[in-house]
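Work through these exercises with the structure open beside you. Try each task before you read its solution.

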Amino acid sequence: MSALDEYPAKASAEARAAPAVSIGIPVYNGENYLEEAITSALRQTAGDLEVLVCDNASTDRTPEIVRDLAASDPRVTYLRNETNIGAARNYNRVWDAGRGRYFKWLAHDDRMKPEYLERMVAVLDDRPEVVLCNSRVDYIDAEGHVFDQYDGILAEADHVRPSDRFAAIVLKSHSCVDFFGLVRRSAMENSLLHGTFHGADRAFLAQMALRGGFVHLAEPLVEMREHPNRYTRQNLSVQARQTWHDGERGRRFEVPSLILYRKYQEIVAREASLAPEERRRCNTVLAKWWFTNWNMVRVAVDGFSNVFPGITTVAENVKVRAFGAAPGHFTKR
């Protein structure tokens with residue numbers, strides 16, 4: 001058997017007309033909510049789409065769930081990794097398989113409201129300078145009940161100058177929900193995609209900020225689920241987060257916040273579209289980064305956590321008690 005298995009057998013991608021939108025769902029042991037996520041994609045009022053589910057060697061009922069849905073709707077394609085390749089590579093594999101001019105990652109435990117794609121596609125079709133569009137988020141609990149809303153960062157990053165968009169993404173505290181927005185595929189070409197480090201979603205948004213405009217719709221059209229097993233709500237050590245992102249390769253000494261900063265430097269240095277003045281302004285933003293959102297302290301804590309794994313959780317709990325949770329993060333479920 002091949003290390004990368006696809007089911008069911010279908011006509012080659014070249015033989016099928018490319019859809020407008022590719023929905024990529026990376027999943028590992030997602031039997032709890034996966035069917036709801038896929039169904040929310042299939043019920044979109046904008047039906048010109050494909051749903052690509054990449055199973056990262058699940059051991060639960062994930063394969064059966066996707067195969068059943070694929071058998072009843074040809075827009076669903078099931079991809080499977082024979083071994084767990086880490087979350088980041090799984091996210092990137094499902095992007096590689098997509099053919100639509102627009103792309104959206106959808107977490108296996110989240111849902112879209114029926115008109116989400118129709119509204120997003122209309123914006124991107126009408127405004128070629130925009131690279132990413134998303135809406136206000138309804139937070140739902142394990143049973144699917146709405147209990148809060150969150151705006152994301154796009155409204156605050158809606159600027160003409162790339163450096164101003166970059167500053168909003170890099171310097172403001174946010175939960176990176178807009179990583180799951182609808183993105184122009186051409187803007188994602190030769191980008192970071194999902195990096196193999198904690199904070200990779202933030203780096204991706206920063207890179208998109210340099211490549212084009214953002215649009216935020218105030219109506220809540222997407223639902224993100226809060227539950228105890230959600231990766232971003234678990235108090236994992238630096239080493240455990242690295243393993244989640246990078247599979248077994250993640251077990252090594254690293255300082256994630258410093259890696260993120262260096263990625264910021266890299267994308268500013270390499271972004272060919274930036275005018276010299278904009279590049280200078282972006283570098284000024286990076287100089288400010290050290291003195292915002294406790295980043296200097298965070299780098300130190302991340303470093304120490306390689307020796308004292310529990311220090312990250314202790315430091316975060318102290319910060320939350322003293323200053324409250326960051327936007328989009330909840331201390332109670």
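**Exercise 1. Is Ser-22 buried or exposed, and what does its side chain reach?**

Keep in mind that this is a predicted model.

Step 1. Check the accessibility. Ser-22 has 0% relative accessibility, and buried means under 20%. Therefore Ser-22 counts as buried.

Step 2. Place the residue. Ser-22 belongs to strand β2, residues 21–27.

Step 3. Look for polar partners. The Ser-22 side chain reaches the backbone nitrogen of Gly-100 at 2.8 Å. A polar atom of that side chain also lies 3.1 Å from the backbone nitrogen of Arg-99.

Step 4. List the surroundings. Leave aside neighbours within four places in sequence. Ser-22 then contacts residues including Glu-50, Leu-52, Gly-98, Tyr-102, Phe-103 and Lys-104.

**Exercise 2. Does the length of helix α10 agree with the expected span, and where do its buried residues lie: what do they line?**

Step 1. Work out the span. Helix α10 has 14 residues, 276–289. The expected span is 1.5 Å times one less than the number of residues. For α10 that should be 20 Å.

Step 2. Compare. The end C-alpha atoms of α10 are 20 Å apart, which agrees.

Step 3. Find the buried residues. In α10 they are Glu-278, Cys-282, Val-285, Leu-286 and Trp-289.

Step 4. Look down the axis. The buried residues of α10 fall within an arc of 100°, so they line one face of the helix.

Step 5. Name the packing partners. The buried residues of α10 pack against α5 (162–171), α7 (200–211), α9 (256–270) and α11 (295–305).

**Exercise 3. How many residues does the largest nonpolar core have, and which residues does Phe-166 touch?**

Step 1. Recall the general tendency. In soluble globular proteins, nonpolar side chains tend to be buried together.

Step 2. Count. The largest nonpolar core has 89 residues. Ile-38, Val-51, Trp-105 and Phe-166 have the most contacts inside it. Helix α7 gives the most to this core, with 8 residues.

Step 3. Follow Phe-166. Residues up to four places away in sequence are not counted. Phe-166 touches, among others, Ala-206, Ala-209, Leu-210, Tyr-264, Ile-267 and Val-268. Cys-282, Val-285 and Leu-286 are also among its contacts.

**Exercise 4. How many disulfides does a search of the whole structure find?**

Step 1. Search. The whole structure gives 0 disulfides.

Step 2. Check two cysteines for burial. Cys-54 is buried, with a relative accessible area of 0%. Cys-176 counts as buried at 4%.

Terms used:
Residues numbered from 1 in each chain as written. Predicted model: local features only at pLDDT ≥ 70, side-chain atom pairs only at ≥ 80, totals over all residues. Heavy atoms only, no water. Helix = DSSP H or I, 4+ residues; strand = E, 2+ residues; numbered from the N terminus. Buried < 20%, exposed > 50% of the residue type's maximum accessible area, 1.4 Å probe, protein only. Arc of directions from axis to C-beta. Contact = heavy atoms within 4.5 Å. Polar contact = N/O pair within 3.5 Å; in protein donor to acceptor, adjacent residues only side chain to side chain. Disulfide = S-S within 2.5 Å. Core = buried A, V, L, I, M, F, W, Y, C linked by side-chain atoms within 4.5 Å.
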